[in-house]
Structures are given as structure tokens and as C-alpha cells.
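Visitor: Hi, I'm new to this one. Could you walk me through it?
Guide: Sure, here it is.

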Amino acid sequence: MTALFDAIASGAIVTGHRPWLRAVVDAETWTALAAQLAAGRWTLLSLWGEADAVQMALLDEEAGTVAVATLPCPDGAYPSVGRLHAPAQRLERAARDLFGLVATDAPDVRPWLDHGRWGLSHPLAAGGPGVAQSAPYAFLSAEGEGLHQVAVGPVHAGIIEPGHFRFTANGEAVVRLEERLGYVHRGLDGLMAGAALERGAALAGRVSGDSTVAYGLAFARAVEAALQVEVPPRAIWQRGVMAELERLANHVGDIGAICNDAAFPRLLAPCAVLREQVLRAAQLAFGHRLMMDGVIPGGVATALSPEGASAIRAVRDIVGKALPGLMALYDGTASLQDRTVGTGRAHPDLVRRFGCAGVVGRASGRGFDVRRTLPYAPYDQLAFDVPALHEGDVNARVWIRFREVEQSLSLIGQMLDRVPTDGPLTVDLGAQESGPCEGLALVEGFRGDVLAFVRLDRALRIARCHLRDPSWFHWPVLEAAIEGNIIADFPLINKSFNCSYAGQDL
């Protein structure tokens, strides 16, 4: 038994091939868990609300153990975790907006997802239920001689998602950045409630479109864990190919976009061409450029044909041949290096405290990767490295992407050699006899770990589904990374993080 198991004293629930702990705790134990998070003993994976309870997922990274603590909230209140551990603060604010749960003694009680437009749907609107909030959002203040504020967004010059950024600056140097998000809130928690599994899978795949495979896979694995079913080998290997194609397309595109924000379109152009070629191969192989709805609970939607496999092999060779030249061009351009080296540094201690994963985490020394720390099929049968650097700047985040492209190319090659050409693509979930059940899954998306928690009723409909994007923990670190840099470098730093707006807006 690990320390995390001992701390909340409960039996294990099987999730796939790995146990996760599920326990109902009291307020004292809840607060003790928060204190251990603050001490750095564990990592916060997520915190979410329900009608009469609050849940918190924790990771014991050293032991490779995940636990979910549930605190009943019959009076609609619970001890704040964010009071002791800052990464929980925005999650607590979202739980209040969505379910009316109040985090007692929370350091920040401002709304997060609610912009005062929900009307009857908002349980805690000013003046009582059914009254929309009208007070303007109170941005944090910064005092000092010569300080001024610059407001950017929520509407931006490019075709990107909406978000507001409030800079406090001394001349061009940024003293403070505060984000205001929630503009693309779609009510996914409510849409999931009562939905059939097919509908839930479609919603999960649309949380953040560039991560549709990762979300579809996380949701599917959580459902499969709840029902304790095994997915056919053919589906497992196809899922892996799809996941790495998604990672490959996003990383190649991001490398070019970061360089473009540093006024170097010479790298944007070839990277955009390569990304397009990956997407066309995905279209041919799986019927959709983004492979949306390709992963379903119980398996995959379509079979990988020999023609599709050949298209993937061809684009893998094209990217592999182009990659050394792209890296040399990036590394050999002094004006580009001047913009990226030392810019937007995310401090390793802060990254570890917030549990940042993916490129953001690995560029600052946190080598966490779900595929390695909490391995799932087919990655538990594959050879790959998890690249890590310690500088934490834009340059490091670019190089992590380059190295992960190399790893994805290798993984795709390994998996294509092992994808079965026959056998079932799905397992029949409707044949499962099960009472109310729960499942939890973590999947490594291109931004980092995507979490899915699912509770099913006896009719195999969704009673509760919580999906958590890695951007929940990246956005706050971005605020710190910009401090001391100039405002003109924000687009570059922001793109190097590439946080998802929709993924955290739900």
C-alpha cells in the first residue's frame, strides 16, 4: 500500500489494468489531502463538483497511483483546497459556477466560467437564483509608479478562440498578466448528463477539436474501465496510430506557428505543408482529417485499410526526411534564436507545483508522460523516450516539440508493423450487465494529460462525466511566464504554450 492509498483508506477499484483509489472522505481528511498537495507530496489531477458533493483526483507520481476523494456537501460548502494549493483555485471557481458549491475560505471567489449571462441557469446569481450578474469583472490590481494597463481581446486579429488578457506594464515590460476566459463555454457537463454513450463520445470528441482523438480515447477508456471490458487488439493498435498522428500534426503545426510569431515565416511555410500532408493521410486512413469520432467506447469506428496504412507510411517518411533540415534552419537562424532563447521562462518549481504536463512540463524539467508513468495499451508494448529540458523558455518548448515529432514518427512505424489486419474492431458494450459504475482514465494528448471521469447508470447512460484539459494548469503558469518580458513577446510566448481555450471553458 502506498502513502496515498493509506491517506484516504479505501479499497481499490480496477481501472483497466491499473487500480485507482476511490474513497468518500470527511472534511478533516479533505483538508489534510489539500495540505499534502501544498507540501508537494502529490499532484492535483482535477477537482470537480456535483449536485451534492465535490471530487478531487490526485496523483502519486512516484508510485504511479491515482486516487479520487469524494467529499459530500449536503450544505453546498466544502473546505477550500485553493486556500492551500493555488492550482485548485480556478477549478473551485468553476465548480461554484456550475453547481453552486462554495469553497469555504477560498482566496478567490470571483466567477470563472459565468460571465453574468446565464440567467435562470446560474444557481448563485447576484440577488438570488434567476438574476443575472451585472457587476463588471474585478481584475486584480497592481500598484506602482508609471504602471498602466493594456487590454487585449477577447476578440483577436487572427482566427483563434476568444480570451481576454489584461496586462499591467511599466513601459513595455509586463508586471502582471491576468486572463479572463470562459467565452466559449458550451455547457458540456450539462449536455453529458443523461446522454447515451454514443452521444457522450461525440461530445467528448468536440471538447477541443485539435485533441479530438485524445478526448475520444480518454472518454472511451473511462467507459471501458467502468464496465471492465477489454478492447480488441485491432482497435488498440489503431487507436495508438491515431493518437500519434494527432500529436504529429499538432507539433509540426505549432513549430511553424511559433516561428511565425517571431516574424520568421520561412519555417511556417514548410511546417504548414507537412501538417496538411499529415491531415490528408489521416483523411484517407480514417475518413476524417482530424480523425473525429474515430475512437468510440469499446473500440474504433473504422478499419485501417492497406491503402490507409500506406498513406501513413508515406507521410511518415516525408516528415522524417524534412525534419533535420527544419531543425537546422531553426537552430542556425540567429535572429530567431534571439527571440526564443530566454523568453517566457516557466520556472521548474512552478511547473511542478501546478502539475504542468506535455510540452510545457517537459521543457521545464517535469518528465511526466501518462504513456510512461501510467502506461496503457499499446504504449506498454512500445519503445520510446520522453524528452525533457530544464530551461523552460520558448526555445526549450520548440525543441521538445521537435524531439516529440521524432518519437511520434518512431511510434507510428512500430505500431503500423503490429496493427492486426483482421479481427473485431469493437466489443459490444450493450451486452454488459452492470449496475451503476464509475471509470477514470488518463490519456497523453499533445498538450499533456487529458482526464476523463465517467459514472454510468443501470441503463448505461451517463449520470456524470467530467473532462479536464491540461490547459487548466498551463494557463496560470503562462501568466507567470510573461512577467518581465515585453508585451510584444506575448504572442510568441502564448503560442509556445498553446493552451486550449475551449478545453478549459467546457
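**Helix pairs, strands and odd bonds**

Guide: Let's start with helix 15 and helix 16 (residues 490-497), which pack at an angle of about 150° with their axes 11 Å apart. That makes helix 15 roughly antiparallel to helix 16, since angles over 145 degrees count as roughly antiparallel. Before we go on: this is a predicted model, where local features need pLDDT of at least 70 and side-chain atom pairs count only at pLDDT 80 or more, while totals for chains, interfaces and linings use all residues. Residues are numbered from 1 along each chain as its sequence is written, and side-chain values use heavy atoms, leaving out hydrogens and water.

Visitor: What counts as a helix here, and how do you get the angle?
Guide: Helices (H or I, at least four residues) and strands (E, at least two) are DSSP runs, numbered from the N terminus. Axes are lines fitted to C-alpha atoms, for helices over the stretch in contact, and angles run from 0 to 180 degrees between N-to-C directions.

Visitor: Which residues of helix 15 meet helix 16?
Guide: H474, W475, V477, L478 and A481 do, and on the helix 16 side they meet F490, I493, N494 and F497. Contact means heavy atoms within 4.5 Å. The residues of this contact divide into seven nonpolar, two polar and no charged. For those classes, Ala, Val, Leu, Ile, Met, Phe, Trp, Tyr, Cys and Pro count as nonpolar, Asp, Glu, Lys and Arg as charged, and the others, Gly among them, as polar.

Visitor: How about helix 9 and helix 14, at what angle do they pack?
Guide: Helix 9 (residues 306-331) and helix 14 (residues 394-416) pack at about 155°, and their axes are 10 Å apart. So helix 9 is roughly antiparallel to helix 14.

Visitor: Who's touching whom there?
Guide: The helix 9 residues include I312, L323 and Y330, and those of helix 14 include W399, F402 and L409. Sorted by class, the residues in this contact are 14 nonpolar, four polar and five charged.

Visitor: New topic. How many salt bridges does the structure hold?
Guide: It holds 28, taking a salt bridge as a side-chain nitrogen of Lys or Arg within 4 Å of a carboxyl oxygen of Asp or Glu. One of them joins the side chains of E479 and R90 (2.9 Å, N to O). E479 lies in helix 15 (residues 471-481) and R90 in helix 3 (residues 89-99), so the pair ties together parts that are 389 residues apart in sequence.

Visitor: And the strands? In what order do they form the open sheet?
Guide: Three strands form an open sheet in the order 13-14-15, with antiparallel pairing. Strand 13 (437-444) and strand 15 (462-468) are the edges, each pairing on one side only. Two strands pair if DSSP finds at least two bridges between them; strand 13 and strand 14 (residues 449-456) have eight.

Visitor: What about strand 9 and strand 10?
Guide: Strand 9 (residues 164-170) and strand 10 (residues 173-180) pair antiparallel over seven bridges. In their hairpin, which has two residues between the strands, G171 takes a positive phi near 70°.

Visitor: Where are the cis peptide bonds?
Guide: One runs from G153 to P154, with omega near 15°, and P154 is in the loop between strand 8 (147-152) and strand 9. Another joins A377 and P378, with omega about 5°. P378 sits in the loop between helix 13 (370-373) and helix 14.

Terms used. Angles under 35 degrees count as roughly parallel, over 145 as roughly antiparallel, 65 to 115 as roughly perpendicular and the rest as oblique.
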